[in-house]
Structures are given as C-alpha cells and as structure tokens.
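Biologist: Hi, I'm new to this one. Could you walk me through a few spots?

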Amino acid sequence: MLRFIVRRLLQAIPTLLILSLLVFVWLRSLPGGPSGALLGDKATPEKIEALNKVLGLDQPIYIQYFKFLGRILSGDFGSSLISGEPVVAEIGRALPATIELSLAALLFAVVLGIPLGYLAASHRGRFLDNSTVIGTLVGVAVPVFFLGILLKQLFAQDLALFPPSGRQDVTIDPTHVTNFAVLDGLLTQEWDAAADALWHLVLPAVALGTIPLAVIVRITRASVLDVLNEDFVRTANAKGLQAQLIRRRHVLRNAMLPVSTTIGLQTGLLLGGAVLTERVFVWGGLGSLLAQGIERRDYPRLQALLLLAAVVYVLVNLLVDISYAIIDPRVRAS
Amino acid sequence: MALLEVRDLRVVFQRRGTEPFTAVDGVSFDVDPGQTVGLVGESGCGKSVTSLAIMGLLPSRGNKVSGQVRFEGTDLLTLSDKDMRDRRGRDLGMVFQDPLSSLNPVIPIGLQVTEVLERHRGMSRKAAMVEAADLLGRVGIPDPQRRLSEYPHQLSGGMRQRALIAIALACRPRLLIADEPTTALDVTIQAQILALLKELVRDTGTALIMITHDLGVVAGLCDEVNVLYGGRVVEKAARYPLFADPRHPYTHGLLASIPRLDGARGEKLVPIKGSVADNIPWDHGCAFAPRCPNALPVCREVTPELEAGDVRSLRCHNPVLPGTPAAQEVPA
C-alpha cells in the first residue's frame with residue numbers, strides 16, 4: 001500500500017508541472033495586467049511599462065516561467081501584488097475557513113446522500129424513489145449562489161433561524177489555535193464558540209453541499225440497483241441471510257465503488273462552489289482572495305491558488321484510489 | 001410422502017405495458033429423499049424459473065406464482081419472507097450457473113462460507129471458520145485453510161464452483177438445487193464437478209434437482225428426468241427408459257442432436273429446427289408443433305395433455321414409435 005501511495009505521488013509531479021505551465025501562460029493571456037490594475041486611473045502606457053519592468057513582467061514569458069518555477073521549488077510563491085504580503089501567509093490564513101466549509105458541505109452530502117440513495121433504490125419505482133429522483137434533479141440544476149441567496153433570505157432573514165453571514169458572531173472572542181472555528185472551540189473547550197461556529201456553518205454548508213448531495217444520491221441509487229441485480233446477491237438470498245446483513249455486507253460495499261469516485265470528483269468541484277458560497281455568506285476564505293486576485297490580475301496570488309487547487313485535486317484522486325484498494329481486493333492485486 | 005411435491009406450478013411475468021408471459025405453465029413433479037431429478041430443456045423452457053420459484057428467489061415484483069411447492073408437507077409458497085429465509089440455506093441449498101459472479105468479489109471466501117453457518121447453525125465466527133475449512137476440504141479444494149482468506153478472483157473456475165457447492169451444502173440441506181452448475185466450466189472440470197455432486201449426494205442423502213440443457217449430465221446423474229418445453233413438462237420418465245426409448249419428438253430430437261462416439265463415420269448431427277417461441281405457446285395446440293417432424297393437423301388445434309403411463313408420462317398426439325433410433329430418422 002505504501003509503495004502504491006508513493007508511486008502515485010511521484011506520478012503527480014509531471015501533472016503538477018504541466019498544470020503550473022498552463023496556469024502561468026493562461027493568466028498572462030488574460031487581457032490587462034497587474035500593472036494596469038495597480039495603477040488604476042493614473043495608468044499611462046509609460047507608467048505601466050515602468051512598473052512592468054519593476055515586476056519583471058517585461059521579460060520573455062519562458063524566462064518568467066523558469067524563474068517562477070525556480071522560486072516555487074524553494075517554497076517561495078512571491079508576494080501578493082495587492083497586499084504586499086507573501087501569498088503563502090495570505091492563503092494559510094484563509095485556507096482553514098474554506099476547508100472547514102468544504103468539509104462541512106461534503107459531510108452533509110455524504111452522510112445524507114448515501115442512505116438516501118440506498119433508500120430510493122430499495123423503494124424503486126415507488127413514491128419515495130420517484131420523489132428522490134425528482135428532488136435530486138432539481139438539486140443538481142440549482143446554481144450554488146442562487147441557492148445560497150435563497151437559503152439566506154428564507155432561513156436567516158425571514159425566519160431568523162440561522163445567522164446570515166460570517167463564521168462566528170462578533171460578540172464571541174474565540175481563542176485561535178488552528179483557525180478552524182469549530183475545531184478551535186472544541187480544543188479550547190469554549191463550547192459556546194464551537195456551537196456558534198457550527199451554527200454559522202449550516203446554511204453555507206447546505207448551499208455548497210446540495211449539488212454533491214444530489215449527485216451522490218443519484219449515483220448511490222443507480223449503483224445499488226446494479227448490485228441488487230448481481231448474482232452474488234441472489235446467492236446471499238439463497239443462503240437465507242437476513243435482509244439487513246445482505247444489505248450491509250453484500251450490497252453496500254460493492255455499491256460504494258462508483259460512489260467513492262463520485263465523492264472524489266465532487267470534492268474537486270467543491271472548490272469552485274466554495275468561492276461563490278463564500279461570497280454570498282461573507283465567509284472570508286479563499287473565495288474572496290481569489291475574486292479579488294482575478295479582478296486585480298494578482299499573478300503571484302492566483303498562481304499559488306490555482307496550483308493549490310490542482311494539488312487538492314491530485315490528493316483527492318489519490319484518496320479515491322486508496323479507497324478503491326481498500327474496498328476491492330481485485331484492485332489491490334493489480 | 002415425497003420430500004418435495006411441486007404441483008401445478010405456474011409463474012407468470014407481468015410488467016406494466018407488456019403482455020403477461022407464462023414462463024412456467026403448470027409444472028408438477030416429485031422429489032424423494034436422496035433422489036436426483038433432472039429438469040431438462042433448452043434456454044427459455046422455464047427450468048431455471050422453476051428452480052427460483054421453489055427457492056422463493058424470484059424478484060418480489062413483476063411476477064405471479066401459483067400452484068404448490070410442498071416441502072415435507074409445507075407449502076413453501078405460503079410462507080412469509082422471514083420463514084422462507086429461515087429455510088433457505090438450511091433445508092434447501094442452491095448452486096448457480098456462473099461461479100464467478102455468484103460469489104461476492106470483495107469478500108473473502110471464508111466469510112462467504114461461514115456466514116451461512118453462523119446464520120443457520122448458530123456457530124460463532126471462530127467455530128464456523130474451522131467448519132468452513134473442513135467443508136472446503138471435503139469438496140476437494142486443496143489447502144482449504146489458506147483459501148479461507150482468499151478472494152473469489154484468486155480461485156480457478158472449478159474451485160469457485162466447489163466453494164459454492166460447499167456453501168450450499170454447509171448446513172446439510174435435504175434438498176439441493178443445481179442450476180446448470182457446469183455450464184460455465186471447462187469440460188474436464190465439468191466432469192469433476194459432476195462426480196463431486198454425485199458423491200456428495202450419495203454420502204449425505206441429499207435430494208438433488210439437477211437443472212441442465214446437457215443430456216450427458218442427465219445420463220450420468222439423474223434417477224428421473226423431466227423434459228420441459230415452453231414451460232410445460234412434455235416427457236417424464238426414469239433415466240433408462242428415457243434414453244433408451246425417447247417417445248416425445250422433442251426428447252428424441254434432443255438426443256439426436258448429441259454427437260455419439262459409436263455413430264457411423266461422417267454421420268451428421270441432426271438439429272431441432274427453429275427455436276423456442278417467446279409468446280404463450282400452449283393456447284392453440286402443441287407448442288412444439290411448429291418445429292416437430294411428427295406434427296399432425298390435430299397438433300396445431302388440440303393442446304395435448306400430459307398422460308401418465310406405466311414407465312413414463314407423455315404430452316404428445318403423435319409420439320415417436322418405440323425403438324426408433326435417435327440419429328437416423330428425423331430428416332435434416
């Protein structure tokens with residue numbers, strides 16, 4: 001298993017290299033540039049050229065790229081052109097908020113999605129199944145930001161059940177340990193802080209988790225239906241095993257293979273949704289860094305963020321592969 | 001009283017928007033303790049559906065089962081799902097056609113054997129593991145202790161079928177149903193599996209229903225044979241009279257289409273023309289009539305009944321004459 005993991009990590013290196021090149025070139029092919037954005041109204045062609053020289057943007061692009069590559073190999077991603085702060089520090093500060101939101105959304109999607117998908121499959125063609133299928137169809141079709149605004153309006157403004165924005169109430173003065181608000185509350189035993197952070201998480205997590213939830217439900221349902229038709233389920237029934245044991249031991253485990261792939265893919269996609277959700281709920285994670293960075297053409301910050309997304313994607317895929325190997329002995333062998 | 005008495009078993013599949021399809025159409029037969037009974041016929045004749053109906057393994061929706069399946073006097077068709085689960089695996093065991101897909105690919109062989117022991121014999125996992133190794137050894141799997149922790153894909157086809165047989169016989173059922181257990185295997189392995197089944201049935205006194213399209217299997221194994229066509233029994237006899245003197249043109253044709261070692265050189269095999277029709281075949285005359293070399297006008301008008309004689313039951317208006325050699329007479 002360890003060799004498998006190491007091999008997969010080594011395989012990821014060329015992937016990331018190619019991605020870094022694409023990101024680098026893509027950013028520079030966007031119209032406008034950081035100099036123009038930084039100078040704003042005062043920009044003249046001469047001033048822009050001068051600033052480009054200071055920033056090293058006047059050099060040929062391949063030289064810029066190799067310099068960039070050399071720097072990031074030594075861990076230096078440069079400083080943000082907006083804040084002047086090293087982007088690693090910037091991202092490090094905002095990352096926990098995004099991870100916390102993404103994990104909560106994922107948890108919501110998985111914990112609800114798998115049982116719901118299973119339930120729909122075992123009630124195939126009946127009311128519960130049909131309504132689930134229709135519900136998930138709506139779920140995948142609703143844009144994240146729209147759902148976010150809707151939830152906020154209904155549950156935060158009209159019903160006032162949940163806070164409309166932010167990660168924690170301003171009246172709470174939590175001790176920061178990891179910058180994961182809920183985790184910090186638990187670690188420091190500041191229960192009210194943890195509860196409040198959790199409370200703030202609900203609406204954004206639901207907004208962000210709805211699409212993955214719908215997808216997971218659909219895949220679980222289809223996958224369970226497939227497995228229910230397998231010969232070995234018939235064998236299990238021929239043994240007279242209790243229905244519940246068959247479900248747990250024979251059906252679910254086999255049905256989890258495609259579901260784990262889906263969870264992986266959805267986790268990768270969460271990052272995109274997180275940016276929008278964070279905007280709606282003023283979450284202050286990577287979303288605002290990214291949005292601001294794109295507006296101002298902050299190359300160093302954007303490069304780091306996009307590479308981070310790529311790394312996350314690669315790692316999630318690795319996790320999916322590992323889960324495959326755990327679930328299916330045939331994968332382990334090959 | 002016979003161990004199993006199947007009476008007028010009828011299975012109708014019905015899906016919304018489609019015509020109902022009668023897969024099994026009034027099948028009756030008995031199985032005595034220790035007896036081996038064959039259900040023979042080509043694909044689609046209803047033999048597998050019959051076995052699934054006996055086991056209560058047909059899908060819960062989309063079909064209607066009627067008639068009686070009396071096992072030691074109890075009609076299995078009237079039992080609740082729970083009561084039937086108590087019996088399956090304990091009183092009735094079943095071996096399926098494709099041993100690879102019939103085993104769970106992600107669970108070790110050992111657990112797949114022990115779960116039935118834990119379920120019906122109340123054994124602990126530990127005791128069941130010991131018993132499982134013993135069972136695997138008894139069905140001829142070498143090094144059974146090691147096999148317990150292996151997965152189905154690590155076993156050969158023959159081994160897998162042996163493992164399935166071990167699972168089916170783990171709780172010493174009084175009736176074993178084998179649904180084409182050798183179809184997916186190499187010829188040499190087929191012979192081994194059949195020999196194993198024969199031996200186990202003899203040693204344990206288990207009654208066996210052998211479902212097959214392969215008359216060679218029947219000849220080597222079965223005491224009594226039911227030949228099915230279009231969901232009905234067309235000929236029923238003990239093994240010897242059936243092979244020596246097949247009377248139904250269908251049985252006759254099946255035997256004629258088998259290559260024989262003692263046939264003349266260059267002799268051609270005689271196929272049965274056409275194939276099983278998918279529609280309801282027994283409403284207007286004999287379902288086999290369109291393919292039958294002996295068909296008379298009456299065959300297309302009057303549905304023949306199964307008439308019991310001394311040595312056989314036969315459903316035919318114009319049976320093959322006694323003593324007609326199987327391979328020569330039917331025109332190609």
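Biologist: Which helix does A:V6 lie in?

Modeller: A:V6 sits in helix α1 of chain A, residues 2-29; helices (H or I, at least four residues) and strands (E, at least two) are DSSP runs, numbered from the N terminus. Before we go on: this is a predicted model, where local features need pLDDT of at least 70, side-chain atom pairs count only at pLDDT 80 or more, and totals for chains, interfaces and linings use all residues. Residues are numbered from 1 along each chain as its sequence is written, chains are lettered from A and ligands numbered from 1 in the order in which they are written, and side-chain values use heavy atoms, with hydrogens and water left out.

Biologist: Is A:V6 buried or exposed?

Modeller: A:V6 is partly exposed, because its relative accessible area is 43%. Buried means under 20%, exposed over 50%, and partly exposed in between (1.4 Å probe, protein chains only).

Biologist: Which nonpolar surface patch has A:V6 in it?

Modeller: A:V6 joins A:L2, A:L10, A:I13, A:L17, A:I18 and A:L22 there, with about 710 Å² of accessible area together. Patches are made of residues with over 30% relative accessible area and no salt bridge; like charges are joined within 9 Å, nonpolar side chains (Val, Leu, Ile, Met, Phe, Trp, Tyr) within 5 Å. A salt bridge is a side-chain nitrogen of Lys or Arg within 4 Å of a carboxyl oxygen of Asp or Glu. Areas come from the Shrake-Rupley method with a 1.4 Å probe, and for residues only the protein chains shown count as cover.

Biologist: And which residues form a positive patch?

Modeller: A:R124, A:R126, B:R15, B:R16 and B:R61. Lys and Arg count as positive and Asp and Glu as negative, with His and the chain ends not counted; a charge is placed at NZ of Lys, CZ of Arg, CG of Asp or CD of Glu.

Biologist: Where is B:R15 found?

Modeller: In the chain B loop between β1 (4-13) and β2 (21-31). B:R15 counts as exposed because its relative accessible area is 64%.

Biologist: Changing topic: how many residues of α11 in chain B are buried?

Modeller: 8 of its 8, so helix α11 (residues 249-256) is mostly covered. Among them are B:Y250 and B:H252.

Biologist: What do they pack against?

Modeller: In chain B, against β3 (36-40), α9 (215-221), β9 (224-229), β10 (232-238) and α10 (239-244).

Biologist: Last one: what does B:L185 touch?

Modeller: Leaving aside neighbours within four places in sequence, B:L185 is in contact (heavy atoms within 4.5 Å) with residues including B:P99 and B:Q161. B:L185 is buried, because its relative accessibility is 9%.
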